Every structure is written in structure tokens, then in C-alpha cells.
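Colleague: I would like to learn how to read salt bridges in a model such as this one. Could you take me through some cases, one at a time?

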Amino acid sequence: MENQNKTIKKILIYSMIFIFILAGVIGCSNSTTTEKDTSESNEKIKIEFYYGLGGKLGDTMGKIVQDFNNSNEQYEIVPIIQGDYGETLQALQASLAAKKPPALAINRYPEFMKLAKNDVLLPLDENINNPEYNKEDFLLLEQGKYNDAILGVPAYIASPMMYYRKDIFEKYNIDYDSLENFEQLAEAAKLIKEKEGISGWSIMWYAEHMIDYARSAGGDIVSEDGKTVTIDSEEWIYAWDQIRKWIHEDKIMDTVYGGNGWEWWYKTIDNMMNGKSAGYTGSSGDGGDLDFTKVATGMQKGFKGSEPRPVATAVMFNLFKDTPKEQQQGAWEFVKYFTEAEQTAYWAVETGYIPVRDSAVDTEVYQNKLKENPYLSVPLEQAKTNGIAPFVDPTGGKIYNEIELAKDKVLIENIPAAEALKEAKIKAQEELDKALNQ
């Protein structure tokens, strides 16, 4: 009996030991699972962000993205960097075709309009109309509208600016601000070419600027009733052919073209900074790449008898319908962050672009930079005094495409403006007629 009791006692002890071991194993397993679940729940939601910015612009955007990622525990912006705005649109079109668009992108106005027309953008009216967003403080918000819905939010505002070497202009007693029109600037360019042997002015290889020149000569893209393309008008032909002659016949101006991405743009800037050109027509966004101890900023000139009509264009944040809701929310959180007064002011002082909020001008970062570089205020002043809205292309960009082709014929191939523009007008009119008859 005693041996039997000992045996039972041993069985009970071993059973208890087994239960304790089993409980420990289960506990470790549950602990591992809990830790794994916690780790997964703490993983940030990744937000793909397409944009095509180089140089100082790309560096500044990268810093703001990193600051946002460090400032929150829920979202991580993942930059997908393209060569330029055109490449960004191509990448977006490919991703949309594959039903895998990013959550966020930055597009120029023409590219924005193409996407809006294709009904792939997420409406943002509810977000914008939230009183906390203070839309009354925003500049050019109306440019993000399409069919009465807000499909884009300005990230920054671009306007063409005239940059010139102060030392060269002062050497020949040329006061840029006193020049009344583009023709007088051409006379100054001729003097500089004769005396210095360098290009007196550089015309940027950019359709948007060529459109601005035509509009600043009194022309427009379509008639007032919107039915007739007018890019072959006397005003267009005059402005474009003057530029062609100054480049190819008089050789007092030049244009840089080709290369990858924005290579042609930055080479134009480098030519001026290195003394190969006395000035160029660029963008307000060039400010971050210029040395303002050597360079001054001027407003765009009109052609003789016409007022300057530089476009003030909002470069847009766009969100996409086909991305998951949580990614859409994360993208919007970044848009809110980027367009706060402090952030848009920081973007402006680092890049030269115009801030998207009126209140940005009152921030400490903007005021401090303004004391250091008074030229910072020139783009904002131009946008508010004589800036005009960009053309809304009813064909979804096909009129713009014809202008782009004509631009190359005039600037690069030295084809007379009348010939290039008349051919472009015929094709653009066909596209406009199709759009109007749909």
C-alpha cells in the first residue's frame, strides 16, 4: 500500500511539472504573438509620393518629407522621384493603368488638367471646407477646381521671373526696372553681346514661357467665346518671331535645350552664373539655386504697346481615387503639413517659389529671409499685381501639345513663327472642335 501511495505521489508530481512546463510554453508562444502583433500594429502606413523635382527643389522637398515622417507615428511618406513633371505624368498614367496609383503626386497645371479630365483624382472639398484648414488664407485655390469639385491643392505657386547679372548690367549703366518692354531688353542684350561677347539674354526652352511672351504681346490662346484657336494671330507671330530673330539672326540671345530631366534648365542657370549669359527668363522657383550677391530679380516685361501678362500657376498636390482610404488620409495629412504657414514659408525661402498662404509672409522665417534677400518679395508682388490665370485647355492638353511642337520649330529649328504657328493652329483647332462637339 505504501509503495502504491508513493507511485501515485510521483505521478501527481510529474503531472504538475508537465502542466507548469506546458503553461510556460503556451505563455511564451502568446507572448511572442502579442509582441509580433504589437510590432505590426506600430508599423507606419506607407504613402507613395510621386514628384519630379531636382536640385535645391528636390533637396528641400526631401527634408520636408523627412521632417513629416519624424513628426508622426502613423504615416511614412515614400518619395518616388521622377525626372521632371512630364515623366511624373507618364509614371502616373502607367500606375493608373495598372490600378496601382500612388496616394499622392505633384503636377503642374497642364498635367493636373489631364488627370482631372480622366476622372482619377480624389475630390477634396470636404477637407478644404473644414474651418480648421482656413481656406480664406489660401492663394489660387480656385485653380484646383474642375467641374465644380476641388481636385487639387496648390503646393506652391510659380511665375516666370527675369534674372540678370547685377555686375554686367551696372557696368553698362543698364537699369533693368527702367526698361519699358522686351524690345528694350533686346537692345540691352545687343549692347552686352557687342561689349562682352556673351549672350545678352537666355530664352528658356519652355512652352509655358513662350505662351507668356505671346500673351504679353496682346495675344491669347482661344477667342473669347472659346470656339477658335488664336495662336496664329499677329500678336503671337510678332512675339515668337522677334525671339527667333534675336536667337538665330541677331545672335544676341540663346536657348539651351535637350538633356535628361531638367538638365537644360539648370544649364541655363549655370551659364548666367558662370558669365556666359547676362540674364535669363526663369521661374520664381529658381531662387534657391541663385547667388543674390551677383544676381537680381526683375518682373517680366511686356512687348511694345502691351502690358506684361505673366501667368501665376499653382503646382498641385493630387490624391487618387483608387488608393486605400488609410493611404488617402495619410496623403491628406502630409498636404496639411506642407501647406501650413511655417512650412510654405520655409519652402518659399529655400526655393524662391511663392508661398500658398497669405499668412506665410508674416512668419519669422520669411521675414528674416526678406531682410537678407529683398528680391524674395518680387515673385509674390508680380503674382498679385499682374499675374494671370493659366489657360484651361478644354482638349485635355492637346492644344498645349501643339504649342510645344511649334516652340521647338521656332527656338531650335529656326522656322519662321508664322509657318510654325499656322500649322499648330490647324491641328489645335481640330482638337478643339472635337472637344466642343462631344
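Colleague: Which side chains meet in a salt bridge at 2.8 Å, N to O, with K171 as one of the pair?

Modeller: Please keep in mind that this is a predicted model. The general idea is to look for a side-chain nitrogen of Lys or Arg within 4 Å of a carboxyl oxygen of Asp or Glu, and here the side chains of E196 and K171 meet in this way, at 2.8 Å from N to O. The pair links distant parts of the chain, since E196 belongs to helix α7 (residues 182-196) and K171 to helix α6 (residues 166-171), 25 residues apart.

Colleague: Why is E196 called partly exposed, and why is K171 called exposed?

Modeller: Partly exposed covers the range between 20% and 50% relative accessible area, so E196, at 29%, is partly exposed. K171 has a relative accessible area of 54%, and because exposed means over 50%, K171 is exposed.

Colleague: Where do R244 and D241 lie, and are they buried or exposed?

Modeller: Both lie in helix α9 (residues 234-249), 3 residues apart, which is about one turn of the helix. Their side chains meet in a salt bridge of 2.8 Å, N to O, and both R244 and D241 are buried.

Colleague: What is the N to O distance for E431 and K434?

Modeller: For that salt bridge the distance is 3.9 Å, and the two residues, 3 apart in helix α16 (residues 417-436), are separated by about one helical turn.

Colleague: Which residues are linked in a network, and how many salt bridges does the count come to?

Modeller: R215, D220 and R309 are linked in a network of salt bridges, and the count comes to 22 salt bridges.

Note on methods. Residues numbered from 1 in each chain as written. Predicted model: local features only at pLDDT ≥ 70, side-chain atom pairs only at ≥ 80, totals over all residues. Heavy atoms only, no water. Helix = DSSP H or I, 4+ residues; strand = E, 2+ residues; numbered from the N terminus. Buried < 20%, exposed > 50% of the residue type's maximum accessible area, 1.4 Å probe, protein only.
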